[in-house]
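Me: Please take a close look at one part of this model: any space enclosed inside it. Walk me through what surrounds that part, piece by piece.

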Amino acid sequence: DVQLQASGGGLVQAGGSLRLSCAASGFTLDDYAIGWLRQAPGKEREGVSCISRADGSTYSADSVKGRFTISSDNAKNMVSLQMNGLKPEDTAVYYCAAKVISPWCGEYEYEYDYWGKGTLVTVSS
């Protein structure tokens, strides 16, 4: 069965960095997309970044461009999100999710087929 394991969350000061990792397993095909989505307290879940193994395309929300970088180690089935210049408004539970039926990057949570448990990122001011 498909499993997604997110890790790397924690507490950091504003301006600091964290690196989130998503380990993917159980896929029967190589083509899929891995996205990072986050949900802050009292807010809707929003897409942050995504990378597709199907065509190599990526997506990043405007709010994180220039600060967050997504990368994929396909041999290890690992997707990472390097987060630099963290801001208090980045505080959220971060989820990694997979798009398999349509293995290209998506922005919205309803597009994703599988979800891992979230990892909490807290940025203090």
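Reply: Start with burial terms: buried means under 20% relative accessible area, exposed means over 50%, and partly exposed is the range in between. Keep in mind that this is a predicted model.

By that scale, N77 is partly exposed, because its relative accessible area is 31%. N77 sits in the loop between β7 and β8. Its backbone stands out: phi is near 50 degrees, a positive value in a residue other than glycine. N77 also helps to line the largest cavity, and that is the part to look at.

First, the search itself. Rolling a probe the size of a water molecule over the atoms shows where empty space is left. Over the whole structure, the search finds one cavity of 30 Å³ or more. The space in the largest cavity is about 30 Å³.

Which residues form its lining? They are Y32, I34, R53, S72, D73, N74, N77, M78 and V79. Two elements, β7 (68-73) and β8 (78-83), each give two or more residues to that lining. The chemistry is mixed: four lining residues are nonpolar, three are polar and two are charged.

Now the wall at β4. I34 is one of the lining residues. The strand β4 covers residues 33-39, and six of its seven residues are buried, so the rest of the structure largely encloses it. Strands flank β4 in two pairings. One partner is β5 (residues 46-52), antiparallel, with six bridges. The other is β9 (residues 92-99), also antiparallel, over seven bridges. A33 shows both pairings. Opposite A33 in β5 is S52, while its bridge partner in β9 is K99. In a regular strand the side chains alternate between the two faces of the sheet. The β4 and β5 hairpin has six residues between its strands, and there G42 takes a positive phi near 75 degrees.

Next, I51. This residue belongs to strand β5. I51 is buried, because its relative accessible area is 13%, under the 20% cut-off. Which residues does I51 contact, beyond its neighbours within four places in sequence? They are Y32, A33, I34, S57, T58, I70, S71, S72, V79 and C105. Among these, Y32, I34, S72 and V79 are also in the lining of the largest cavity. For a sense of scale, I51 and S17 are 34 residues apart in sequence, and their C-alpha atoms are 20 Å apart.

Then the β8 side. M78 and V79 are both in the lining. β8 pairs with β3 in the antiparallel sense, through six bridges. In that pairing, L20 has L81 of β8 as its bridge partner. From β3 (residues 18-25) the pairing goes on to β1 (residues 3-7), antiparallel, with five bridges. There L4 stands opposite A24 in β3.

One more loop ties back to β4 through its neighbours. G118 lies in the loop between β10 (114-115) and β11 (119-124). At 35% relative accessibility, G118 is classed as partly exposed, because that value falls between the two cut-offs. Setting aside neighbours within four places in sequence, G118 contacts V93, Y94 and Y95. Those residue numbers fall within β9 (92-99), which pairs with β4. The C-alpha atoms of G118 and Q39 are separated by 9.3 Å, although the two are 79 residues apart along the chain.

Finally, step back to the whole chain. The protein has zero helices and 11 strands. Strand after strand, the pattern along the sequence is β-β-β-β-β-β-β-β-β-β-β. Of the contacts with a separation of 6 or more, 57% join residues 24 or more positions apart. Of the 125 residues, 40% count as buried. The C-alpha atoms fill a box of roughly 45 × 30 × 25 Å along the principal axes. The radius of gyration is 13 Å, which agrees with the value near 14 Å for a compact globule of 125 residues.

Note on methods. Residues numbered from 1 in each chain as written. Predicted model: local features only at pLDDT ≥ 70, side-chain atom pairs only at ≥ 80, totals over all residues. Heavy atoms only, no water. 1 Å grid on protein atoms, 1.4 Å probe; cavity = no way out; pocket = protein on both sides within 12 Å on 5 of 7 lines; lining within 4 Å. Points joined across faces, edges and corners; volume = space filled by probe spheres on them. Helix = DSSP H or I, 4+ residues; strand = E, 2+ residues; numbered from the N terminus. Nonpolar A, V, L, I, M, F, W, Y, C, P; charged D, E, K, R; others polar. Pairing = 2+ DSSP bridges. Rg over C-alpha atoms; globule rule 2.2 N^0.38 Å. Buried < 20%, exposed > 50% of the residue type's maximum accessible area, 1.4 Å probe, protein only. Contact = heavy atoms within 4.5 Å.
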